[in-house]
Amino acid sequence: MAPPRRAAGRLVVLGDSTAVGIGDPVDGGWRGFPVLLRDALGPACVLDNRARSGARMGAVLREQLPSVVESAVDTPVDVAVVCAGMNDTLRADFDPVAIEADCATTIAALRASGALVVVMRYHDHTRVFRLPAPLRRALHARIAALNAAVDAAAGRAGAAVLDLDGLPGGYDRSAWAVDRLHPSELGHRRLAAALADIAAGTFEPAGPVSLTCAGGRRVTTVHRVAWLVVKGVPWLVRRGRDLAPVILAGLLDGVRAGRGGSCRVRDAAPLSAVPTTAGPGGAAGPAAVEVRAAG
């Protein structure tokens, strides 16, 4: 017989700007999936959100986690969500081996505090944010490597994995904010609903996450054009510089492939079908991981 479910008392969120709630504006700041998930877990649940915009997986481990571990001595963590890694894919020093190690260490520390830990494997963002072909291929390959690292870390340290590639409606335009980099209010609601579904296996929720938008700011065409001019184009230029070495490698691979060689950066395949890295002892890490999506 499964143990009875209990109410969650503390929800910890670590990660980047998505975990901050960017894309779901409310009066006074951002709401996002952390607040929505907290509400679903019940009125007794306290949200402790340590996320910071721009954070990478290493920053989660070294800057956000320590204070959580310290405070867990007096206030145990019931549910912990780690939402990080996409910023790593957009940097020239992308290192999936280091990401796996940092993610596994973070999971292990949160598990030691008593938490149910949920990490995320990511969607194909090139389907959301249209990029030039070389950038698209480079980013797709990096997201696949990121997912392999997250799967391996979760399998080794013991975390549930939410597969955003399979999230219902995850690729709909309405699920994304004006910048196409962060979820919209609806996107945050879908993400919170999927996380609440995972948490409900252990904790008694107060109720489901509503997918009806309420309290968000309406996005107009003016907002979209203004973002493209002020932030979109400069962002694309910066990320193009960061990914230039990967793009060059992909182009060289294409030349080699045309001469009969092999190509490391291939056309995009569904991320859920990308093979993952082997775990300790040669066993496939994700084989022991529960990968979930809402629906």
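Hi all, this is a quick walk through one strand, E6, and its surroundings in a predicted model. Residues are numbered from 1 along each chain as its sequence is written, and side-chain values use heavy atoms, with hydrogens and water left out. Since we're on a prediction, local features need pLDDT of at least 70 and side-chain atom pairs count only at pLDDT 80 or more, while totals for chains, interfaces and linings use all residues.

Okay, the overview. The protein has eight helices and eight strands; these are DSSP runs, numbered from the N terminus, with at least four residues for a helix (H or I) and at least two for a strand (E). Of the 295 residues, 48% are buried, meaning under 20% relative accessible area with a 1.4 Å probe, protein chains only.

Now to E6, residues 116-121. How many of its six residues are buried? Six, so to speak the full set. In a regular strand the side chains alternate between the two faces of the sheet. Here Leu116, Val118 and Met120 point one way, and Val117, Val119 and Arg121 the other.

Who are the neighbours? Strands pair if DSSP finds at least two bridges between them. E5, residues 79-83, runs parallel to E6 with four bridges, and alanine 80 stands opposite valine 117. On to E7, residues 160-163: that strand is also parallel to E6, joined by four bridges, with arginine 121 opposite aspartate 163.

Last stop, a ring. The charged end of arginine 127 sits over the ring of tyrosine 171, 3.6 Å from its centre; the cut-offs are CZ of Arg or NZ of Lys within 6 Å of the ring centre and within 35 degrees of the ring normal.

Key. Buried means under 20% relative accessible area, exposed over 50%, partly exposed in between (1.4 Å probe, protein chains only).
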